[in-house]
Amino acid sequence: MEFHNLIYEPKHNCVLITINRSKKLNALNKELIEELNHVLRYANEDKAVRAVIITGSGEKAFVAGADIKEFSDFNPEEGEALAREGQSLLFDFIENMEKPVIAAINGYALGGGLELALACHLRVAVEGAKFGFPEVSLGLIPGYGGTQRLPQIVGKSHAMDLILTARMLNAEEAYDISLINDVVPKDALLNKAYEIVEALSKNSPNALAQAMKAINNSFKKEGYEVEKTNFGKCFQTPDFKEGIDAFLNKRKPNF
């Protein structure tokens, strides 16, 4: 498949996806969302892939929001359909992937771009990155899960502040409220992301998938039941047997 909006690069045990619309500050449009869904499905099914890294092209933006021109004349029904389709194809899909997805945030992460980062399982950003939800200044609200994932990650008070004021945070402020996991110099961003991949790759792929599913379900009433069920599922896997054998024999596991 030919991609017009992204670059897909297999890297040893992971995949690097670069959103490649730098002239539009990597803004999300319908075609880009569909392309991301395609490559993420492929990566999720590839047993050689242990994790996925998503970043933006250029030095200005990770993703500076959605392409407003695409929906500037939508009616309420079309707007709701846009949100439902986008969440299903991309944001919910990322959150529920079996492979960890790391957002390597190289610049502005605004609106839909911040929602994309929030859907990822881990987030690392450069020192000059900026974060925010400007939607209320456009008469909108975040429509790709931002009103749900932001309070889950930073708490209700910080979420209310950021969404209602539409103000931007710098990387250090974002780190202080746990919006991102780490802040690094500009030239160290991908190296940091690859370090995270290497750390994840030492662990059981099945256990990572089950843990992420359980954590995601912690925000639902059945979360504890999912955790118990998935904990039990781990016992019947080769990964569990290898991990236990390695521990008992004081060696590194080979997953």
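**Notebook: a helix pair, an asparagine and aromatic rings**

I looked up H3 and H4 first and noted that the two helices are oblique to each other. The model is predicted, and I read every entry below with that in mind.

**Entry: H3 against H4**

I took H3 as residues 112–119 and H4 as residues 146–154. The two pack at an angle of about 55 degrees, and their axes are 10 Å apart. An angle from 65 to 115 degrees would count as roughly perpendicular and one under 35 as roughly parallel, so I entered the pair as oblique. I also checked the hand of the crossing of H3 and H4, which is left-handed.

Next I listed who meets whom. From H3 come Glu-115, Leu-118 and Ala-119. Facing them in H4 are Gly-146, Arg-149, Leu-150 and Ile-153. I sorted the residues of this contact by kind and got four nonpolar, one polar and two charged.

**Entry: Asn-37**

I then went to helix H1, residues 30–45, where Asn-37 lies. Is Asn-37 buried or exposed? I found a relative accessible area of 8%; the limit for buried is under 20%, so Asn-37 is buried. Setting aside neighbours within four places in sequence, I found Asn-37 in contact with Leu-89 and Phe-93.

**Entry: aromatic pairs**

How many aromatic pairs does the structure hold? I noted three, and I wrote up two of them, as follows.

Tyr-8 and Tyr-42 form an edge-to-face pair, with 6.1 Å from centre to centre and 75 degrees between the planes. This pair links distant parts of the chain: Tyr-8 sits in strand E1 (residues 6–11) and Tyr-42 in helix H1, 34 residues apart. I looked up the accessibility of Tyr-42 as well, and at 51% relative accessibility it counts as exposed, because the class begins over 50%.

Phe-91 and Tyr-144 form a stacked pair, at 4.5 Å centre to centre and 15 degrees between the planes. This pair, too, links distant parts of the chain. I placed Phe-91 in helix H2 (residues 76–95) and Tyr-144 in the loop between strand E8 (130–132) and H4, with the two positions 53 residues apart in sequence numbering. For burial, I noted a relative accessible area of 0% for Phe-91 and 9% for Tyr-144. I therefore entered Phe-91 as buried, and Tyr-144 as buried as well.

Terms used:
Residues numbered from 1 in each chain as written. Predicted model: local features only at pLDDT ≥ 70, side-chain atom pairs only at ≥ 80, totals over all residues. Heavy atoms only, no water. Axes fitted to C-alpha atoms, helices over the stretch in contact; angles between N-to-C directions. Helix = DSSP H or I, 4+ residues; strand = E, 2+ residues; numbered from the N terminus. Parallel < 35°, antiparallel > 145°, perpendicular 65-115°, else oblique. Left-handed = near helix turned anticlockwise from the far one by under 90°. Contact = heavy atoms within 4.5 Å. Nonpolar A, V, L, I, M, F, W, Y, C, P; charged D, E, K, R; others polar. Buried < 20%, exposed > 50% of the residue type's maximum accessible area, 1.4 Å probe, protein only. Phe/Tyr/Trp six-rings, centres within 6.5 Å; stacked < 30°, edge-to-face > 60°.
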